[in-house]
Amino acid sequence: DVAARNIVMSGINASFNTGLFAGQFNSSGTGTSGNVKADAGSISMVGSSNPNLVTGVFGSTFGPGAGGTVEVNAQSLDMRSNAAVQNTTFGAGAGGALAVNVKDVSITGSSNPNIFTGIFTNTFGSGRGGSIQVVSDRIQLANHAAISAAGFWTGDAGSVVVQTSSLEVSSGSSIFTNVLFGSGNAGSLSV
């Protein structure tokens, strides 16, 4: 099978009100997903009030092929209301790793319980979810924002590693790995 190509976005500043996405969409294909890399001085992502319209940087796999990596590198990352950096598997393929290397991270969620804002790896299939590594001088999570690796089917959730000098978690925000539905196992968590 054919592997997907990579997507690289670079510049001084980046602002998203839509998505940057790479994926392997063939449920029977064994090719791997492409990698997604965003490099900028500052990155701003502002989502919509519609829970079906998510803004951000995404990677995924739907078949037995492994997911590619999602990487974000910047001096600052500001995410608000329905914005995500996410890597997901929907099938038997293992989810790709997700790495955020940003000096100053600020993630502000929404009071709407149907809107998710944050950094996520998920498995909705039998494949293991990808790992998350966040390296930052300062991280602020507010208003139900999250950094999480979750399982929703038989696949194990990925691990979460957060390395920071300053961490503020408030207003229902969280950092976790868990199996929310299904029979998989949670990954390891290190903060």
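Biologist: Glad to look at this one with you; is Thr61 buried or exposed?
Modeller: Happy to start there, and please keep in mind that this is a predicted model. Thr61 has a relative accessible area of 0%. The cut-off for the lowest class is under 20%, so Thr61 counts as buried.

Biologist: Which residue offers its backbone oxygen to the side chain of Thr61?
Modeller: Thr61 has its place in strand 4, which covers residues 55–61. A polar atom of the Thr61 side chain lies 2.7 Å from a backbone oxygen. The residue that carries this oxygen is Gly65.

Biologist: Stepping back to the whole chain, how many strands does the protein chain have?
Modeller: Zero helices are found in the protein chain. Read along the sequence, the pattern is β-β-β-β-β-β-β-β-β-β-β-β-β. The number of strands is 13.

Biologist: What share of the contacts with a separation of 6 or more comes from residues 24 or more positions apart?
Modeller: The protein chain has 191 residues, and 47% of them count as buried. Its exposed area is about 8300 Å², with 51% supplied by carbon and sulfur atoms. As for the contacts with a separation of 6 or more, the share from residues 24 or more positions apart is 81%.

Biologist: Which residues touch the most other members of the largest nonpolar core?
Modeller: In soluble globular proteins, nonpolar side chains tend to be buried together. Here the largest nonpolar core holds 29 residues. At least two residues of this core come from each of strand 3 (36–46), strand 5 (70–80), strand 6 (83–89), strand 7 (98–108), strand 9 (132–142), strand 10 and strand 11 (160–169). The members that touch the most others are Val85, Val100, Ile119 and Ile147.

Biologist: Let's take Val85 from that group; which residues is Val85 in contact with, leaving aside its neighbours within four places in sequence?
Modeller: A residue counts here if its heavy atoms come within 4.5 Å. With the sequence neighbours of Val85 set aside, the list is Met45, Val57, Val70, Val72, Met79, Leu98, Val100, Gly118, Ile119 and Phe120.

Biologist: And Val100: which residue is its bridge partner in strand 9?
Modeller: Strand 7 and strand 9 run parallel and are joined by nine bridges. One of the bridge pairs includes Val100, and its partner in strand 9 is Val134.

Biologist: On the other pairing of strand 9, which residue of strand 11 is the bridge partner of Arg138?
Modeller: Strand 9 and strand 11 also pair in the parallel sense, over nine bridges. In strand 11, Arg138 is matched with Ser166.

Biologist: Arg138 has a charged side chain partner too; how many residues apart in sequence are Asp104 and Arg138?
Modeller: The side chains of Asp104 and Arg138 form a salt bridge, at 2.8 Å from N to O. Because Asp104 lies in strand 7 and Arg138 in strand 9, the pair ties together parts whose separation in sequence is 34 residues.

Biologist: How many salt bridges are found in the whole structure?
Modeller: Among them is the pair of Arg80 and Asp78, with the closest N and O atoms 3.1 Å apart. Arg80 is partly exposed at 36%, and Asp78 is partly exposed at 25%. Another joins Asp156 and Arg128 at 3.7 Å, N to O. The total from the search of the whole structure is four.

Biologist: Which residues does Asn185 touch, not counting those up to four places away in sequence?
Modeller: Asn185 is found in the loop between strand 12 and strand 13 (189–190), and it is partly exposed at 49% relative accessibility. Its C-alpha is 7.5 Å from that of Gly155, which is 30 residues away in sequence. The residues that Asn185 touches are Asp156, Ala157 and Val179.

Biologist: Last one, on strand 12: which residues form its uncovered face?
Modeller: In a regular strand the side chains alternate between the two faces of the sheet. Strand 12 (residues 174–179) pairs with strand 10 (146–151) in the parallel sense over six bridges, and Phe176 is the bridge partner of Ser148. The covered face of strand 12 has Ile175, Thr177 and Val179. The uncovered face has Ser174, Phe176 and Asn178.

How values were computed: Residues numbered from 1 in each chain as written. Predicted model: local features only at pLDDT ≥ 70, side-chain atom pairs only at ≥ 80, totals over all residues. Heavy atoms only, no water. Buried < 20%, exposed > 50% of the residue type's maximum accessible area, 1.4 Å probe, protein only. Helix = DSSP H or I, 4+ residues; strand = E, 2+ residues; numbered from the N terminus. Pairing = 2+ DSSP bridges. Areas by Shrake-Rupley, 256 points an atom, 1.4 Å probe, with all protein chains shown as cover. Core = buried A, V, L, I, M, F, W, Y, C linked by side-chain atoms within 4.5 Å. Polar contact = N/O pair within 3.5 Å; in protein donor to acceptor, adjacent residues only side chain to side chain.
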